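Here is a short briefing to read alongside the model. Take a moment with the sequence and the fold, then follow the topics below.

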Amino acid sequence: MSGEITTTSLWVFGYGSLVWKPGFQPGQTATGFVKGFARRFWQGNETHRGVPGRPGRVATIVEEREAITHGVALELKGEEALEYLNNREMTLGGYIQTITTFVPVDESFKPFPVLVFVATAQSKHWLGPACASSIAKQVVNSSGPSGHNVEYVIKLAHWLRKTFPEYWDDHLYSIESHILDEVKQQDLDLTTLLGTDQPEELVPVAARRQAPTSLPARQTSYSSTCKQNCYKCVRL
């Protein structure tokens, strides 16, 4: 976060590819988290990380009372950014909008409301829960116009690990580990999948470590009470 944060404009919370590939120029940015939501790879995608009939797996956040999801808040400047996100996330992605509270990691700043795009079981692209190994296999075998599905997961995990080194996302990191195993089993070129010449920077040895035993287990219940609103240009 740079300078003094201004929360009178509309901000969006990114927890998936928005953290490393927003696709628009944000104003201010802030790292932090939202409470009561867990990141899950339960949404299908046929427009960016998959194709019709062969969807990739992308992240959504689902309601879970004790959970927190780390990510980044991005200030939207002008209507163009919101229109871009509405098309990317809602028209093409099958997400809906809701408002929640974002907590910056910089405790000198107060929590503030953010727009967040979420997918529910009512989405036409909804795939729902699956074990980490099954999700990983689908990811490894999926690719779309925006790139390979492996890139989506690995770069998200890399960003989270680099930005919040003390935080462990068991769901994401378990899928990442299974992806690396599946890539090895299929004898695939990780460099090609990631679109980078230095994949070792994105998948360090630490990516394969087990979750700390001191972390409490999370519940996996899911319910949805998100209201389907659409914000064209909101001033909070």
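In this predicted model, the second largest pocket has a volume of about 320 Å³. Of its 19 lining residues, Ser17, Leu18, Arg88, Glu89 and Tyr152 are the closest to the centre. From there, we can turn to what the lining is made of, and then to helix α3 and the nonpolar core.

**Pocket lining**
- Nine residues of the lining of the second largest pocket are nonpolar, six are polar and four are charged.
- At least two lining residues come from each of β3 (56–75) and α1 (79–91).
- The largest share of this lining is that of α1, with three residues.

**Helix α3**
- Helix α3 covers residues 149–163, and its end C-alpha atoms lie 21 Å apart.
- That agrees with the 21 Å its 15 residues should span, because each residue counts for 1.5 Å and the span takes one less than the number of residues.
- Twelve of the 15 residues of α3 are buried, so the rest of the structure largely encloses this helix.
- Among the buried residues of α3 are Val150, Tyr152, Ile154, Trp159 and Leu160, and also the charged Glu151, Lys155 and Arg161.

**Nonpolar core**
- The largest nonpolar core has 62 residues, of which Phe41, Val150 and Ile179 touch the most other members.
- With eight residues, α3 gives the most to this core.
- Beyond its neighbours within four places in sequence, Val150 is in contact with Val139, Val140, Ile179, Leu190, Leu193 and Leu194.

How values were computed
Residues numbered from 1 in each chain as written. Predicted model: local features only at pLDDT ≥ 70, side-chain atom pairs only at ≥ 80, totals over all residues. Heavy atoms only, no water. 1 Å grid on protein atoms, 1.4 Å probe; cavity = no way out; pocket = protein on both sides within 12 Å on 5 of 7 lines; lining within 4 Å. Points joined across faces, edges and corners; volume = space filled by probe spheres on them. Helix = DSSP H or I, 4+ residues; strand = E, 2+ residues; numbered from the N terminus. Buried < 20%, exposed > 50% of the residue type's maximum accessible area, 1.4 Å probe, protein only. Core = buried A, V, L, I, M, F, W, Y, C linked by side-chain atoms within 4.5 Å. Contact = heavy atoms within 4.5 Å.
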